[in-house]
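Here is a brief report on strand pairing and model confidence. Sequence and structure come first, then the details.

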Amino acid sequence: MVSHLPQTVLFCSHNIFIITTLTRAIPSLYEYYLQPYYADAFSVIIEMDILVTISLKSFIILKDEYVQSNKGECTLINHYDRIFFEPDAMEYPLGKRMYNQFKKEGVNIELLQSHNRVTGIPGKTSRESFFYGKNTLVVGVRRTLNFASCKPSAHFQLPLVTGCTGICEYCYLNTQLGKKPYTRIYINVEEILAQAHELIEQRKPEVTLFEAAATSDPLPVEVYSGSLETAIRFFAEEEYGRLRFVTKFTNVDSLLTIDHRAHTRIRFSINTQSVIQAYEHRTPSLADRLGALSKVLKYGYPSGVIIAPVIMTGEWQRDYEKLLQELRLNIPESQEEQFEFEVISHRFTTRAKNNILDVFPSTALPMDENQDRKFKYGQFGYGKYVYSPEKLEEMKAYFKYNIMNLFPAAKINYII
Ligand code: SF4
């Protein structure tokens, strides 16, 4: 019986032997989380005849640690199997610096032949392609500087990064970024910010809002690019420009001491611990996210939370109340007035559902079109399944009441 194993067992390749013994007892652990990363090693040692049994409790703990912890030495949070550089990226100082850094770390780097075509990411099935894509980083130059609009949270998207290393089953990026959803860092940050400056100038004296997380979670790669730091410094100087981004990640330390002049709002995407455990793989725990939120508040950043997707199954009212109460403990009353809430109920398109089922065939996401759902056309012309009007009303009333009760001075931007 294996009931306690060191945390590193699921992070470090030199422990693959132990991982193998575990996964023989728990096929789904291998299937979902390990196989895409360690396929070769498995084929070598899978034949070893070690009998391991494991209690269900231990499995849950191990799975949880693997997908959530970012504290282990060999964490997979920022684990890239392969990194591609566009040739032009090397002409920028940031590109050169990143290239040298990755080289020093011994990461497998390849130069892309074409700017737009990323070939060389393996994957025979949808699931393999997905996981290999998630472990791929592309460093390139942003050529189109026409920023897309970003309603309702901002006027424009600020394209610093696309993609995300997190593996949330419901993530809308899974349908936006193709079968191999790699992360791409744009290294021409100065050119991107110069374009933002143009837009701010055109719209002043109205304040222009930019969202840096419209097609990404930009924080996991901040350690390489520092582009959020550069953007926060830039917006601190802009009287009529404001930056905002949302994240599930926690590596905010490099941003804390920047003289941001309250021109950047850092929001955290949070959910109940049961939703995080079930669907938000390879992301930090709720406690870690709230810890990071406390830090940015302490350093004077305007902040807020996005509670999404709200999943109305099981004891959802009790779970979300607990979430709001935990949040309450992390927000000083002096900061409440500037604190913002965005609440988004779970919804899905047919295309998203099919993609999710391809990659996560046993997903427990509630996606039965006939169960408490209504088909609705969205602002971009495609249809999606949202909760039925009765369920939505119940959810809206619930969050309005509980947020106003616990955070009377905070602002609710929307509950949808
Ligand atoms: S952290 Fe956000 S962007 Fe990343 S996979 Fe999860 S939902 Fe998508």
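Three residues make the hairpin link between strand 4 and strand 5. The model is predicted. Strand 4 covers residues 149-150 and strand 5 covers residues 154-157. The two pair antiparallel, over two bridges. One contact point is explicit: C150 has A154 in strand 5 as its bridge partner.

Strand 5 also pairs with strand 9, residues 208-211. Here the strands run parallel, again with two bridges. Q157 is bridged to E211 of strand 9.

Now the open sheet. It holds five strands, ordered 2-1-3-8-6, with mixed pairing. Strand 2 (109-111) and strand 6 (161-162) are its edges, each pairing on one side only. Within the sheet, strand 1 (residues 82-85) runs parallel to strand 3 (residues 136-140), and four bridges join them. R82 finds its bridge partner in T136 of strand 3. In general, strands of a sheet pair through backbone hydrogen bonds, either parallel or antiparallel.

The pairings described above, side by side:

| Strand pair | Sense | Bridges |
|---|---|---|
| Strand 1 and strand 3 | parallel | four |
| Strand 4 and strand 5 | antiparallel | two |
| Strand 5 and strand 9 | parallel | two |

How confident is the predictor, and what is the average pLDDT of the protein? The average is 83, and 80% of the residues score at least 70. Residues 1-77 are another matter: their pLDDT is below 50. In the model, this stretch has 79 contacts beyond near neighbours in sequence.

Methods:
Residues numbered from 1 in each chain as written. Predicted model: local features only at pLDDT ≥ 70, side-chain atom pairs only at ≥ 80, totals over all residues. Pairing = 2+ DSSP bridges. pLDDT = per-residue confidence, 0-100. Contact = placed C-beta atoms within 7 Å.
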